[in-house]
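Please open the model in your viewer and keep the selection tool at hand. The tour below goes from one selection to the next and says what is found at each stop.

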Amino acid sequence: MEDRTKSIETLSAEEREEILIDVARTLEGAAREALVEGDQKFAEFSRNMAEAIRINADELAHEDPENADKVFQQASEVISHFKVTHPYRLISTAVH
């Protein structure tokens, strides 16, 4: 993801939109893991951020590349923070 960060503004609108959608998927995955681990605040924050990115991805990518980059940076920070505080990924999110 870091390689994409440096050039997100120079990409085509379709590529920017694809990256934003990928980030939203990653946030949703982190939200599921956080929920299983009992971190409801992070799960809710991540889920809401992912939803906001999905809703606005088209507009950001096509009309506002500068803010698309800012949104991408913020989402990357949230994902990085989650990875640091949860270094061991869950193998399964099944709840019995």
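For the search that opens this tour, the rings of Phe, Tyr and Trp (its six-membered ring) pair if their centres lie within 6.5 Å, and planes under 30 degrees apart count as stacked. This is a predicted model, and a search of the whole structure finds one aromatic pair. Select F42 and F82: their ring centres are 5.0 Å apart and their planes stand at 15 degrees, so the pair is stacked. With the two residues still selected, extend the view to the helices that carry them, since the pair links distant parts of the chain, F42 lying in helix 3 (residues 40-63) and F82 in helix 4 (residues 65-85), 40 residues apart. Both F42 and F82 are buried.

Next, keep helix 3 and add helix 2 (residues 13-37), which packs against helix 3 at an angle of about 170 degrees, with the axes 8 Å apart. Angles over 145 degrees count as roughly antiparallel, and helix 2 and helix 3 are therefore roughly antiparallel to each other. If you colour their contact by residue class, you will find 18 nonpolar, three polar and eight charged residues.

Finally, colour the chain by pLDDT, which averages 85, with 81% of the residues scoring at least 70. Confidence is highest in helix 3, at a mean of 94, and lowest in helix 1 (residues 2-5), at 46. Select residues 1-5, where the pLDDT is below 50, and note that this stretch nevertheless has eleven contacts in the model beyond near neighbours in sequence.

Definitions and conventions. Residues numbered from 1 in each chain as written. Predicted model: local features only at pLDDT ≥ 70, side-chain atom pairs only at ≥ 80, totals over all residues. Heavy atoms only, no water. Phe/Tyr/Trp six-rings, centres within 6.5 Å; stacked < 30°, edge-to-face > 60°. Helix = DSSP H or I, 4+ residues; strand = E, 2+ residues; numbered from the N terminus. Buried < 20%, exposed > 50% of the residue type's maximum accessible area, 1.4 Å probe, protein only. Axes fitted to C-alpha atoms, helices over the stretch in contact; angles between N-to-C directions. Parallel < 35°, antiparallel > 145°, perpendicular 65-115°, else oblique. Nonpolar A, V, L, I, M, F, W, Y, C, P; charged D, E, K, R; others polar. pLDDT = per-residue confidence, 0-100. Contact = heavy atoms within 4.5 Å.
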